[in-house]
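Here are my notes after going through this one. I've kept them as numbered points so you can check each against the coordinates.

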Amino acid sequence: MKKKYLVFRRMIFDMFRISPGMTTLYCLFDVLHAGGYILVMLCTEKLFDSVPLLAAGSPLSVSLRPLLFLIMATVFFEIANSLSNFHIEHLSPKILSHFYKRIYIKASHISPIDYERPEFLDMLNKALQGVEYGFFASSLILIVFTFYVPYFILLGVYLQHISPILILIVLLIFTPVILGQVIRFRLFSEAEDAIAPIRRATDYYEQVVCNRKFFKETRILGIVNHFMQLYQDGVILINQKTLTAEKKHIRIDAALRLFTIGGYIGILLMLVNSLIQKVISPGAFSAVFASVNMMYALAEEMVTMFSGQITQYAVSIQNYHSFIDLPENAKEEGSFDKTKGITLDNVHFSYPNTQTETIRGISLKIQPGETVAIVGENGAGKSTLAKLMLGLYVPDRGTVRIGGLDSEKVASRCIYQNCAAVFQDYQHYLTTLEENITISSNNSCYNKLVRLNHVCERAKLLVNSDSFPQGFSTMLSREFGGVDLSGGQWQRIAIARGIFREHDIIVLDEPTSAIDPIEESLMYQNFKEISEGKTAIIITHRLGAARIADRIIVLKDGIIDDIGTHEELINKGGVYSEMYRTQAQWYE
Ligand code: ADP
């Protein structure tokens with residue numbers, strides 16, 4: 001229990017650290033807002049007490065003064081309320097973006113192999129959710145301490161000052177409210193537990209019916225109706241369960257109202273009795289009586305905040321903190337040596353949560369400036385090997401040195417800044433064509449436009465007015481009011497982006513599946529020219545592209561089956577020559 005509240009404390013302290021001035025002002029105005037309520041009560045008491053004096057012939061000023069104070073107190077109360085709202089409105093985006101930024105920075109420090117672990121991805125998602133919920137719940141808890149608690153303390157002091165017996169009022173207010181909230185919470189969390197899995201399923205069905213990525217297949221195969229029916233069934237079930245809980249809630253709520261009315265009558269009797277006994281003045285009677293509804297409302301709000309979903313919120317914040325606190329291994333700095341190429345020494349690698357090794361003891365030296373093609377069947381381990389050669393993954397055993405840097409020991413940044421890569425699952429950035437290509441650039445000291453035209457020519461991307469009405473400034477993607485492109489065009493853009501970046505090593509991991517084999521062959525020919533002097537690794541299962549390489553590595557089940565030039569491998573008559581013969585017709 002204690003730990004649960006500690007997570008809120010940490011988040012609230014963080015709010016003060018991120019924006020000390022604004023958070024302090026927000027709290028201060030909240031306290032003043034709470035004080036404003038009591039001040040209004042006090043002024044109301046004085047005003048009502050002055051009326052009999054006025055009737056008995058006292059001058060008008062006896063009532064004017066408390067009236068003036070009442071107006072001032074009301075204005076003060078409203079100003080404090082507005083200023084508190086203003087500060088939280090401005091505070092929220094600032095603090096939320098700071099929390100999100102912390103997650104993004106943390107995520108960027110996490111090793112890429114962790115992104116292959118479902119439990120890590122789950123943790124990341126939960127951390128992201130934890131920010132919104134956590135901040136919301138922490139600000140509620142903060143309000144409890146800066147507004148509700150001061151309000152009820154000041155109310156207690158005020159009632160005690162009128163008559164100690166009136167303190168009982170606070171008790172009469174809180175008892176039914178707390179009882180009501182506890183029952184309500186139990187009732188709805190039971191219903192929510194039953195509804196949650198159905199809601200997850202209906203969310204998914206909704207996606208299948210409406211989401212762009214499903215629509216081609218679901219329309220053609222006529223699956224829409226099936227999922228629509230599942231969606232409707234789910235919604236009906238959710239409504240039934242909610243209705244059952246609502247009905248139960250209404251019955252219990254009615255019973256609880258009786259409790260509240262009982263408390264209300266108790267307060268009234270106590271006030272009337274104190275008035276008759278002359279323990280309190282008519283002014284105090286009126287001021288307290290007029291504020292009872294407000295006291296109930298505030299007590300209910302405060303209890304709802306605490307009882308509500310505080311456990312769930314605490315878990316959300318815990319998720320956020322667990323992610324932020326993930327350990328990071330400090331790595332050495334190192335300088336990349338262009339003359340060293342890539343060396344693999346007895347490299348073994350397996351994916352997290354798998355029993356079998358994907359790469360099984362590979363040793364290899366790639367010379368600087370050499371073009372190497374890695375070929376093999378699907379699942380042979382080509383992409384995995386490429387990721388090891390880029391330092392994205394580190395080996396379980398053995399060493400990978402890239403530009404002389406040990407990928408396990410050196411900060412990955414030192415390696416990445418000399419590399420470029422285009423993957424099969426390259427990204428479509430929803431920005432302009434120019435940004436899509438230059439986004440990865442790590443050098444701005446050249447003529448951008450000349451280089452842009454040059455790489456587009458090399459990637460065989462035709463920047464004509466039909467496809468790109470605003471040339472390089474054309475916005476890509478219709479979501480942002482731009483144009484849609486074919487798969488082949490997106491692939492060429494991805495390749496242009498890869499070669500635009502200044503690099504010593506480049507990896508092309510089959511980014512050409514949407515380009516026909518002959519075009520692809522020509523493109524690789526071009527690629528060879530521009531990668532002159534750079535280390536290039538081409539992964540492909542189409543051997544027309546592999547021909548241009550200085551050496552071809554044939555990978556099979558995570559080990560090197562053969563290695564040599566195209567001619568050497570053809571002459572050997574092994575797996576490569578067999579694959580080549582099968583594919584020869586593509587190029588005829
Ligand atoms: P290729 O590029 O030759 O098609 P990959 O390197 O993509 O082969 O995959 C090699 C093997 O590793 C395959 O058996 C594949 O199932 C497995 N593999 C790839 N990615 C993962 C992953 N994220 N988690 C577990 N296994 C994986």
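1. Let me begin at the ligand, in what is a predicted model. A polar side-chain atom of Thr384 sits 2.4 Å from an oxygen atom of the ligand. The protein covers 63% of the 560 Å² of accessible area that the ligand has on its own. Two backbone approaches are worth a look as well: a polar backbone atom of Gly379 is 2.8 Å from a ligand oxygen, and a backbone N or O atom of Ala380 comes to 3.1 Å from an oxygen of the ligand.

2. Who else is around the ligand? The run from Glu377 through Asn378, Gly379, Ala380, Gly381, Lys382 and Ser383 to Thr384 is there, along with Glu116, Tyr351, Thr354 and Thr358. Sorted by class, this shell has seven polar, three charged and two nonpolar residues.

3. Helix H10 (residues 382-390) deserves its own point. Nine of its nine residues are buried, so the helix is largely enclosed by the rest of the structure. Those buried residues include Lys382 and Lys387 as well as Leu385, Leu388 and Leu390. Lys382, Ser383 and Thr384 are also among the residues around the ligand. Just after H10, Gly391 takes a positive phi of about 80°.

4. On to the packing. The largest nonpolar core has 70 residues, and the ones touching the most other members are Phe8, Tyr151, Phe152, Leu155, Ile169 and Val288. Helices H1 (2-18), H2 (20-55), H3 (61-109), H4 (118-162), H5 (168-210), H7 (224-276), H8 (282-307) and H9 (310-324) each give two or more residues to this core. The biggest contribution is from H4, with 19 residues. Looking past residues up to four places away in sequence, Tyr151 touches Ala34, Tyr37 and Ile38, and also Met294, Met295 and Leu298. There is a second, separate core of 33 residues, with Tyr393, Ile415, Ile537 and Ile539 among its members.

5. What does the side chain of Ser139 reach? Its target is the backbone oxygen of Phe136, at 3.1 Å. Ser139 is in helix H4, and its relative accessible area is 9%, so it counts as buried. Setting aside neighbours within four places in sequence, Ser139 is in contact with Met15, Tyr26 and Ile88.

6. Leu187, in helix H5, is another buried residue, at 10% relative accessibility. Beyond its neighbours within four places in sequence, Leu187 is in contact with Ala245, Lys248, His249 and Ile252. If you want a distance to check, the C-alpha atoms of Leu187 and Ile317 are 24 Å apart, with these positions 130 residues apart along the chain.

7. Last, two backbone angles to check. Lys460 is not a glycine, yet has a positive phi of about 55°. Lys460 is in the loop between helix H13 (448-458) and helix H14 (487-500), and is partly exposed at 32% relative accessible area. Asp557, not a glycine either, has a positive phi of about 45°. The place to find Asp557 is the loop between strand E9 (551-556) and strand E10 (559-564). Is Asp557 buried or exposed? With a relative accessible area of 51%, Asp557 is exposed, given that the cut-off for exposed is over 50%.

Note on methods:
Residues are numbered from 1 along each chain as its sequence is written. Side-chain values use heavy atoms; hydrogens and water are left out. A residue is near a molecule or strand if one of its heavy atoms lies within 4 Å of it. A polar contact is a pair of N or O atoms within 3.5 Å; within protein, one must be able to donate a hydrogen and the other to accept it, and residues adjacent in sequence count only if both atoms are side-chain atoms. Accessible areas come from the Shrake-Rupley method with a 1.4 Å probe; for residues, only the protein chains shown count as cover. Ala, Val, Leu, Ile, Met, Phe, Trp, Tyr, Cys and Pro count as nonpolar, Asp, Glu, Lys and Arg as charged, and the others, Gly among them, as polar. A nonpolar core is a set of buried Ala, Val, Leu, Ile, Met, Phe, Trp, Tyr and Cys residues joined through side-chain atoms within 4.5 Å. Buried means under 20% relative accessible area, exposed over 50%, partly exposed in between (1.4 Å probe, protein chains only). Helices (H or I, at least four residues) and strands (E, at least two) are DSSP runs, numbered from the N terminus. Contact means heavy atoms within 4.5 Å.
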